[in-house]
Amino acid sequence: MKERICSFDGLDLSDDQRDVLEAIRGFVDAEILPTVHQLEADDEFPQKIVDGLRDMGLFGMRIPVEYGGLGLDLVTYALAIAELSRGWTSVSGIVNGQYIVGGMIATHGTEEQKQRFLPRLASGELRCCFSMTEPDAGSDVRAIRMTARREGDELVIDGQKMWVTNGLRAGLIGLLVKTDPTADPPQKGMTALLVEKEAGQEQVGGLTIPMPPLKKLGYKGVESVELVFDGHRVPASAILGGPDGEGQGFYQMMSGIETGRINVAARGLGIAMRAFELAIRYAQERSAFGKPIGQHQLIQAKLADMATGIEASRQLIVAAARKKQAGGRADVEAGMAKLFATEVAQRCAEESMRIHGGYGYSREYEIERLYRDTPLLLIGEGTNEIQRLIIARGLLARHAV
Ligand SMILES: Cc1cc2nc3c(=O)[nH]c(=O)nc-3n(C[C@H](O)[C@H](O)[C@H](O)COP(=O)(O)OP(=O)(O)OC[C@H]3O[C@@H](n4cnc5c(N)ncnc54)[C@H](O)[C@@H]3O)c2cc1C
C-alpha cells in the first residue's frame with residue numbers, strides 16, 4: 001500500500017512524540033498483528049506482548065518521569081492507544097487500568113502513595129485494575145452499595161463488584177466504596193481505596209475472585225471478573241489522598257474517567273483504522289462483475305464514509321486530549337470524542353465486514369474479530385447514551401442564560 005492508515009501522520013507533533021508512536025507502530029506490526037489471531041481464538045493472555053510493552057516502558061506512559069514513567073502528554077498517549085488498538089484492543093485494555101489508577105495516584109495520591117506505587121506501576125511489575133461497577137449499578141455510579149466501615153486503623157470492606165478488567169492478575173485495585181452510606185447526596189459519602197492484593201490469587205483474606213472469568217463476545221485475552229468482598233480488611237492508609245481523601249472518591253474517579261474516555265475513543269480510532277485498512281485492500285483484491293469491487297460506486301461510498309469518520313474521530317480525540325492536557329474539565333470534549341469515535345468504529349467494522357462479503361463472516365478473517373471487539377466500546381467508560389447526557393449537561397451549563 002502506498003499510503004499507510006495512521007493515527008499520527010499529518011499532525012503537528014515533535015520528533016520525540018513521533019519517535020514513541022513510530023516505535024509502537026513497529027511493535028504492533030511485528031509482534032501483535034502476526035500473533036493476535038491465534039491468541040484471540042484461544043482467549044490466551046498475551047504474555048509475550050505484555051513483556052514487550054514492559055520493555056518499551058509503555059506501562060508508564062502516563063506516570064511522571066520523576067516516578068520512573070515516560071510522562072507522555074495526553075495527545076501522544078491517546079495516539080499510542082489508537083496504534084495499540086489497531087493491533088488488538090485487548091492489549092490497550094491490559095494497560096488501561098494502569099493509566100486510570102496510576103493517573104489518579106499521580107494527581108490525588110499522598111507523596112507516600114506515589115512513592116509506594118508509581119515506580120512499580122511504571123515498570124509494569126505491579127499491574128492494576130479499576131473497579132466501580134457492581135451487579136446492580138453501572139451507569140448509575142451513585143447507586144453503588146459496597147461499603148468500607150472503619151474499625152480502629154482498618155477499613156472493613158463488604159460488597160460485590162462486577163466486570164473488573166485485569167481483576168485477577170492485578171496486584172492493586174482502585175476501588176470505589178461508600179464510607180458513609182447515609183450521605184446525601186450519595187457521592188459525598190464515596191471514597192476511593194487503593195487495595196493491594198496478591199496478583200493471580202483467587203482468594204486473599206476476605207476477597208474472593210470467582211473463577212472462571214466472565215465469558216465475553218470479544219475483548220478476549222484479558223480477564224474480566226467479579227470481586228466479592230466479605231469483611232476484607234485493609235489499612236486506613238489505603239484511602240487515596242490520605243485522610244483528606246475520604247468522601248472525595250467519586251470526584252477523583254470521575255476525573256480519572258475523563259482520561260479513560262479519551263482512551264476508549266482512541267481504541268475506537270484504532271479499530272476503525274484497521275477495519276479500513278483491511279477494507280481498502282480487499283476492495284482492490286476482490287473482483288465482481290468484471291472489475292475490482294473497489295471500482296463499484298457503492299463500495300466507494302463505504303470507503304469514503306469510513307475514511308471521513310476516521311479523520312473526524314482523530315481530530316476530536318486530539319482536541320479532547322489537548323483540552324484535558326491544558327487543565328480543568330474536558331467532560332464535553334472527552335464525551336464527544338468517545339461518543340463519535342466509538343460509533344464510527346462500530347460502523348467501520350460493519351462496513352468492512354460487508355465489503356468482505358461472506359468471508360467477513362468467517363473466523364479465518366481478521367475483520368470478524370474487529371466486529372466482535374467493537375460493541376464493548378459503546379458500553380465501557382460510560383455508555384454512549386450516558387455520553388450524550390454528559391455532553392448535553394455540559395453544554396447547558398456552558399451556555400446557561
Ligand atoms: C467487557 C467489560 C469490561 C468492563 N470493565 C470494567 C472495569 O474494568 N471496571 C469497571 O468499573 N467497570 C467495567 N465495566 C462495566 C461498564 O463500565 C458498565 O457495563 C457500563 O458502565 C454500563 O453499566 P451497566 O452494564 O450496569 O448498564 P446499565 O447502567 O444498567 O445500563 C443499561 C442500559 O440503560 C442505559 N441507561 C442507563 N441509564 C440511562 C439514562 N439515564 N438515560 C438513558 N439511558 C440510560 C444504558 O446506556 C444502557 O443502554 C466493563 C464492562 C464490560 C462489558
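**Notebook: ligand shell and backbone outliers**

I sorted the shell around the ligand by residue type and got nine nonpolar, six polar and two charged residues. I counted Ala, Val, Leu, Ile, Met, Phe, Trp, Tyr, Cys and Pro as nonpolar, Asp, Glu, Lys and Arg as charged, and the others, Gly among them, as polar.

The model is predicted: local features need pLDDT of at least 70 and side-chain atom pairs pLDDT 80 or more, while totals for chains, interfaces and linings use all residues. Residues are numbered from 1 along each chain as its sequence is written, and side-chain values use heavy atoms, without hydrogens and water.

I listed the neighbours of the ligand (a heavy atom within 4 Å). There are 17 of them, and the closest are Phe130, Thr133, Ser139, Trp163 and Thr383.

I then looked up which elements supply at least two shell residues each: β1 (128-131), β3 (154-165), α11 (375-379) and α12 (384-398). Helices (H or I, at least four residues) and strands (E, at least two) are DSSP runs, numbered from the N terminus.

Domain 2 (128-247) and domain 3 (251-398) both contribute to the shell, so the ligand lies between them. The domain bounds come from an automatic or database assignment.

Next I took the polar contacts (N or O atoms within 3.5 Å). A ligand nitrogen is 2.7 Å from a side-chain N or O atom of Thr133. One ligand oxygen atom lies 2.6 Å from an N or O atom in the side chain of Thr383, and I found an oxygen of the ligand 3.3 Å from a polar backbone atom of Gly138. The protein covers 63% of the 970 Å² of accessible area that the ligand has on its own (Shrake-Rupley method, 1.4 Å probe).

Last, I checked the backbone. Most residues other than glycine have a negative phi, and most peptide bonds are trans. The bond from Asp184 to Pro185 is cis, with omega near 0°; Pro185 is in the loop between β4 (172-178) and β5 (190-196). Met211 and Pro212 are also joined by a cis bond, with omega about 0°, and Pro212 lies between β7 (207-208) and β8 (224-235) in a loop. Phe289 has a positive phi, near 55°.

Methods:
A polar contact is a pair of N or O atoms within 3.5 Å; within protein, one must be able to donate a hydrogen and the other to accept it, and residues adjacent in sequence count only if both atoms are side-chain atoms.
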